[in-house]
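Let's take a walk through this protein together. Have a look at the model first, and then we'll start with one helix and work inwards.

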Amino acid sequence: MESGVLFVSPYQEDADSLARMLDGIALVHALNLNEAASMMETEKFQVVLSEAQLEDGNWLDILQLAQAVGMELVVTDPWADARFWAEAISRGAYDLLAQPFHGTEVRRVLSSAS
């Protein structure tokens with residue numbers, strides 16, 4: 001059974017904000033790559049949403065983990081631009097979300113990715 005959205009980010013305030021935006025969709029928060037890897041080994045998520053840069057890796061590491069278990073990845077970054085979007089899509093990510101988050105856009109992207 002799938003458990004909603006896995007959000008990989010060192011920022012608790014972003015996780016709290018996303019949880020409010022998702023209203024009814026379960027959000028599981030991993031603080032880093034290692035936590036996310038452990039969670040993806042034991043649980044299936046509808047989609048993985050990850051910061052582009054993490055303390056112990058980056059979105060490409062998360063992408064590799066997500067692809068290995070058949071999950072879609074949406075990357076998030078405060079400096080998201082067309083060039084980064086094109087790179088993320090060409091490497092296999094589902095989409096790129098800019099920060100700060102906007103509820104309608106977050107819900108649209110995550111629901112279409114799941």
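**One helix, two sides**

Start with the face of α2 turned away from its buried side: there you'll find Asn34 and Thr42, both exposed (exposed means over 50% relative accessible area, buried under 20%, partly exposed in between, with a 1.4 Å probe and protein chains only). Helices here are DSSP runs of H or I with at least four residues, strands are runs of E with at least two, and both are numbered from the N terminus.

Before going on, note that this is a predicted model, where local features need pLDDT of at least 70, side-chain atom pairs count only at pLDDT 80 or more, and totals for chains, interfaces and linings use all residues. Residues are numbered from 1 along each chain as its sequence is written, and side-chain values use heavy atoms, leaving out hydrogens and water.

Now flip to the other side of α2 (residues 33-42), whose buried residues are Leu33, Ala36, Ala37 and Met40. Looking down the axis of α2, these fall within an arc of 100°, so they line one face of the helix (the arc is that of the directions from the helix axis to the C-beta atoms). Why does that spacing work? An α-helix has 3.6 residues a turn, so residues three or four places apart point the same way.

What do the buried residues of α2 pack against? Their partners are β1 (5-8), β2 (27-30), β3 (47-51), β4 (53-54), β5 (57-58) and α3 (59-68).

Conventions. Contact = heavy atoms within 4.5 Å.
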